[in-house]
Amino acid sequence: MWNGNAVPVGGFLLATASVLLVGCDIGGAPRNGVGYESPQFELPNARYRVDTERSRVWLLAREGVFVYDLSRPERVPVPLPGWLSVDAPYSCPPDLALGPKGEALITSNTLPTLWRIDPESLAVTVHPLLLDADTGKDVGFSALAYSAQHGAFIAASYVHGSLWRIDPLLERAQKISLSAPIPEACGVAVRPRSSQSALSRLADLCVHTPRGGWSVLLAPDWRSAQVSAAPCTEHPSPSNVARLNDLTGGN
């Protein structure tokens, strides 16, 4: 566990990355040469994102959030006030996403609440979301991703199989009407803007579950979507570990 002291980051990341990559398909090379935003590296009970612009890695584990500064290197714990999560087999872990300004957003897999960490000060703000549906249910999010094209976040619920659009002010969550529920969602990836026009018939979103991938084609207004139980990404590859090795310098 974290003892409050700065520690070398490279050895930790490489040791962790050497564990078999499991969970979300997101992060591997997609089929048909289509890239997806916010690649995610899945490890047992942990998720992390690489912010190359700021030379840092964000890690979300059972103990909370840690920020790894690759220029020093050291790691800093960031407490999340009131953060709640449930462990497997009841849900996939909460998720971590990076916003357009480098901020980190953390979900609870049991509450419709987001924790935002400022990219500069690392100050934490808590954002309970006003849901436009399912207000009588315990809605938490086990998958989260940012869509640069729409300036909003996409979240998915493991328990209810639902998909949500979260506004950039982190105030409201709008339920997207699906042609079928997506059970046990564990990760979501957004197709980047550069491929939207040329490949418009491909999925807008890829959602991973323990039982396989789902492709999601959103309506123009984002209020509804057609889903199909068909994967749209490959499995994670060893290149993910190589990327971490490059970022940390193998230290």
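This is a short guided tour of a predicted model, stop by stop, with a selection to make at each one.

**Stop 1: the open sheet**

Begin by selecting strands β6, β7, β8 and β9. They form an open sheet of four strands in the order β6-β7-β8-β9, and the pairing is antiparallel. Colour β6 (96-98) and β9 (124-128) to pick out the edges: each has a single partner strand, so one side of each is left without a neighbour in the sheet. If you turn the view to look across the strands, you can see how neighbours are set against each other: on average they are turned by 25°, direction ignored.

Now zoom in on β6 and β7, with β7 covering residues 104-107; three bridges pair these two strands in the antiparallel sense. Which residue of β7 is the bridge partner of A97? Select L105, and you have that partner.

**Stop 2: the disulfide**

Next, show the side chains of C92 and C186. A disulfide joins these two cysteines, with the sulfur atoms 1.6 Å apart. A search of the whole structure finds one disulfide, so this stop needs a single selection. Where do the two cysteines lie? C92 is in the loop between β5 (74-78) and β6, while C186 is in the loop between β14 (172-178) and β15 (187-190), so the pair ties together parts that are 94 residues apart in sequence.

Look along the S-S bond of C92 and C186 for the handedness: the torsion is about 40°, so the disulfide is right-handed. Are the two ends buried or exposed? C92 has 11% relative accessibility and counts as buried. C186, at 5% relative accessibility, counts as buried too.

**Stop 3: strand β2 and its hairpin**

Select residues 46-51, which make up strand β2. Six of the six residues in this strand are buried, so β2 is largely enclosed by the rest of the structure. Switch on the side chains to see which way they go: A46, Y48 and V50 point one way, R47, R49 and D51 point the other way, and all are buried.

Add strand β3 (residues 56-61) to the selection; β2 and β3 run antiparallel and are joined by five bridges. Here D51 of β2 stands opposite R56 in β3. The hairpin of β2 and β3 has four residues between the strands, and S55 takes a positive phi near 55° there.

**Stop 4: salt bridges**

Stay with D51 and add R54, because the side chains of these two residues meet in a salt bridge, N to O 3.1 Å. D51 is buried, with a relative accessible area of 6%, whereas R54 is partly exposed, with a relative accessible area of 25%. Then select E53: R54 forms a salt bridge with E53 as well, and the closest N and O atoms are 3.8 Å apart. E53 counts as exposed, at 67% relative accessibility.

How many salt bridges does a search of the whole structure find? The search finds ten, and another one to select is that of D69 and R72, whose side chains meet at 2.2 Å, N to O. In this pair D69 is buried, with a relative accessible area of 17%, while R72 counts as exposed at 56% relative accessibility. To finish this stop, select R47, R49 and D95 together: salt bridges that share partners join these residues into one network. R47 and R49 are familiar from β2, where they point the same way as D51.

**Stop 5: aromatic rings**

For the last stop, show the rings of F141 and W164. The count of aromatic pairs comes to two. In the pair of F141 and W164, the ring centres are 6.4 Å apart and the planes are at 65°, so the pair is edge-to-face. F141 lies in the loop between β10 (130-131) and β11 (143-147) and W164 in strand β13 (residues 163-166), so the pair ties together parts that are 23 residues apart in sequence. Both F141 and W164 are buried.

Finally, move to F66 and R75. Which part of R75 sits over the ring of F66? It is the charged end of R75, 5.4 Å from the centre of that ring.

Definitions and conventions. Residues numbered from 1 in each chain as written. Predicted model: local features only at pLDDT ≥ 70, side-chain atom pairs only at ≥ 80, totals over all residues. Heavy atoms only, no water. Pairing = 2+ DSSP bridges. Axes fitted to C-alpha atoms, helices over the stretch in contact; angles between N-to-C directions. Disulfide = S-S within 2.5 Å. Buried < 20%, exposed > 50% of the residue type's maximum accessible area, 1.4 Å probe, protein only. Phe/Tyr/Trp six-rings, centres within 6.5 Å; stacked < 30°, edge-to-face > 60°. Lys NZ or Arg CZ within 6 Å of the ring centre and 35° of its normal. Salt bridge = Lys/Arg side-chain N within 4 Å of Asp/Glu carboxyl O.
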